[in-house]
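I opened the model today to look up a few things: a cavity, a sheet and a helix. My notes follow in the order I took them.

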Amino acid sequence: MKRIFSCFLLQKQPARELSAGKRAVFWAWNWVLLIGACTVLGLGCLGLAPGLHSWVLFLDYLSHPGILVLNLIPVILLGILGYGISGRAWIGYLVSAVPMLALAVGNFYKLAFRDDPVVAADLLILGEAGKMAGNYKLFFNGKVAIVLAAAVLSTVLLALLARGVPKRWWSRAAIALIPVIAAAALYPTYRSDAVYAKNANEEHINRWVATQQYTSRGLIYPFIHSIKDAVRNPPEGYSQKEVNSILSQYTSADIPEDKKVNVVSVMLEAFCDFSLFDEVELRQDFYADYHALEAESYTGNLLTNIFAGGTAHSERAFLTGISSGDHNFRGPTSSYVWYLRSQGYHTSGDHPSSAWFYNRVNINEYMGFQEYRFMSNWYDRFSSDSVAYDDVFFPELTRSILEQLASDEPLFSFSVNYQGHGPYASEGCMGGDVNRFVGNEGISEESRNILANYLLTVQDTQRHLMGLVDALRESEEPVVLVLFGDHKPWLGNSNSVYNELGIQLSGDSREAVYNYWSTRYLIWANDAAKEALGNDFTGTGPDISPCFLMNLLFEQCGWEGDAYTQAAADCMAVLPVISTNGFYLTADGTLTRSLNEEQQAIAHRYALLEYDRSTRYQYGKE
């Protein structure tokens, strides 16, 4: 046994005296160890794929052979590629383990902090993601530790026990070529939407939630599948001729001079009305100011594409009229900002945080803003923090807007505050005794603190927002104000506060969908604007996607807009919600994933229009 061990297991080449059969066993031993280690690595990545959620999804992976195989194959192929290139099994294993573990651990914490998985498009904004991660406190997790420890142990064991090194360069080249050929052959399978749908795993998830649809298929498989969406492809049947034919049915219209009122819009970070939830016991009226403003406004629900993060999706959907507002724009892009600018409007805005975040410093210019104030070029003079909060932001925004209203040009302003950005502290209540703010004594003290601290940011935002509203109310210049929330707030890792409160976020019910995706919007006008436009700007509006909020503004102002605006309004009349998460809200209020023939035609028409708008700049010179 000792001779076999020394001559067989620990050698780079099989001993010459070994028979052909034993030589084959020698190489088989090395291959079995490498592939076995990669398989364990893949299973470890699957163990981390659901984040902090229970093991039930991991067990689901094991009971779905397609999901299991599609997640394991890339790990194994990458290990073989590394073995072929290096000639050493342990190096081949590391070639697979390093990127796969980086993906798995990064995805684990991103799910924990933001309920959002890592997708291929995230690789385009790694710098931003790294800076944003600094806002969250990393925590020790046993699953992560076990998977990392197993990877270290596997590397050591392979270095000791799988020492076979292919001697000839061409044999290593042949080994490296195998996974390359296999990857090329398999990529259409990974890319296929039909295969993705066939490998649905919905028994223990909310099928309406994109995050859960993603994690239900593991990690590596859905990540590779998402590569095709990192760069947007045209919808089936797209042609410039077809889009031109659609747009030719409309006549672009200018805004009449007597209706060129000023528009001030503010997107409120993570602003959500928790007074609408029966499960939440509020011991103060945190929303008194906002409710008073709603009473004199045109109001409704937005069904956003995001939850607890991804702010830019909602803001860019609003500004461009494109439902999937997560494009990483690289040049001038058609938008409502450009349209208003073409009508003689001055376009500006404020965000009291870093200019680099979501690449706003460049993309806001691409969307048509003539000036935009960030922390680095304005707010740093008022705050020593990395951001300016609403006690600084709203007074300074108000002063700037009043100054701009004195100009001869009408104003379009769009700003984003920071006050409500998570995470919110769990260690204590920043307002003092938590019992003064929330009840819900049956949930953990940490969760009560998170909820109370969030509500206090909401209350603070309203208090300072009302300064802006009062100034616009008193202004003799006609002003329309648009307010909306970008997404529901983060409330604990893996939505722990929502779960403890019993707020339903999963399942197919209408309640769960609205709990997860909805925020509020309002459109308010001062007396001068009401008189100029002949509208009182009150009532209940439809539930819509953020991409249609500008259509409602145009409707309330009595503006027709350009051909795209008019075409989008016709689509909204049939499908007021077109979610990138695969569901729709029809004009009669039906929430569905299945459309009839007429609705499918409208959805396809809109897909053609928005793709054209996102890829073709149409407003002349910058």
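**Cavity.** I began with the lining of the second largest cavity, which divides into 5 nonpolar, 5 polar and 1 charged residue. This is a predicted model, and I read it as such. I then asked how many cavities of 30 Å³ or more the whole structure holds. The search finds 2. The second largest has a volume of about 40 Å³. I listed its lining residues: Leu268, Glu269, Ala270, Phe271, Asn417, Gln419, Gly420, Tyr454, Thr457, Val458 and Thr461. Which helix gives the largest share of that lining? I found helix α19 (residues 445-474), with 4 residues.

**Sheet.** Next I traced the open sheet of 8 strands. I wrote down the order β4-β3-β5-β1-β6-β7-β2-β8, and the pairing is mixed. β4 (371-373) and β8 (539-540) are at the edges and have a single partner strand each, so each has one side without a neighbour in the sheet. I looked closer at β1 (residues 262-268) and β5 (residues 411-416), which pair in the parallel sense over 5 bridges. In this pairing I noted Ser265 opposite Phe414 of β5.

**Helix.** Last, I checked α13 (residues 240-247) for buried positions. I noted Val243, Ile246 and Leu247 as buried in this helix. Down the axis of α13, the buried residues fall within an arc of 95°, so they line one face of the helix. The spacing fits a general rule: an α-helix has 3.6 residues a turn, so residues three or four places apart point the same way. What covers the buried residues of α13? I found that the cover includes α24 (563-574) and α25 (597-615).

Notes. Residues are numbered from 1 along each chain as its sequence is written. This is a predicted model: local features need pLDDT of at least 70, side-chain atom pairs count only at pLDDT 80 or more; totals for chains, interfaces and linings use all residues. Side-chain values use heavy atoms; hydrogens and water are left out. Buried means under 20% relative accessible area, exposed over 50%, partly exposed in between (1.4 Å probe, protein chains only). Helices (H or I, at least four residues) and strands (E, at least two) are DSSP runs, numbered from the N terminus. The arc is that of the directions from the helix axis to the C-beta atoms. Contact means heavy atoms within 4.5 Å. On a 1 Å grid over the protein atoms alone, a cavity is a set of points where a 1.4 Å probe fits but cannot get out, and a pocket is an open set with protein on both sides within 12 Å along at least five of seven lines; lining residues have an atom within 4 Å of a point. Grid points are joined across faces, edges and corners, and a volume is the space filled by probe spheres set on the points. Ala, Val, Leu, Ile, Met, Phe, Trp, Tyr, Cys and Pro count as nonpolar, Asp, Glu, Lys and Arg as charged, and the others, Gly among them, as polar. Two strands pair if DSSP finds at least two bridges between them.
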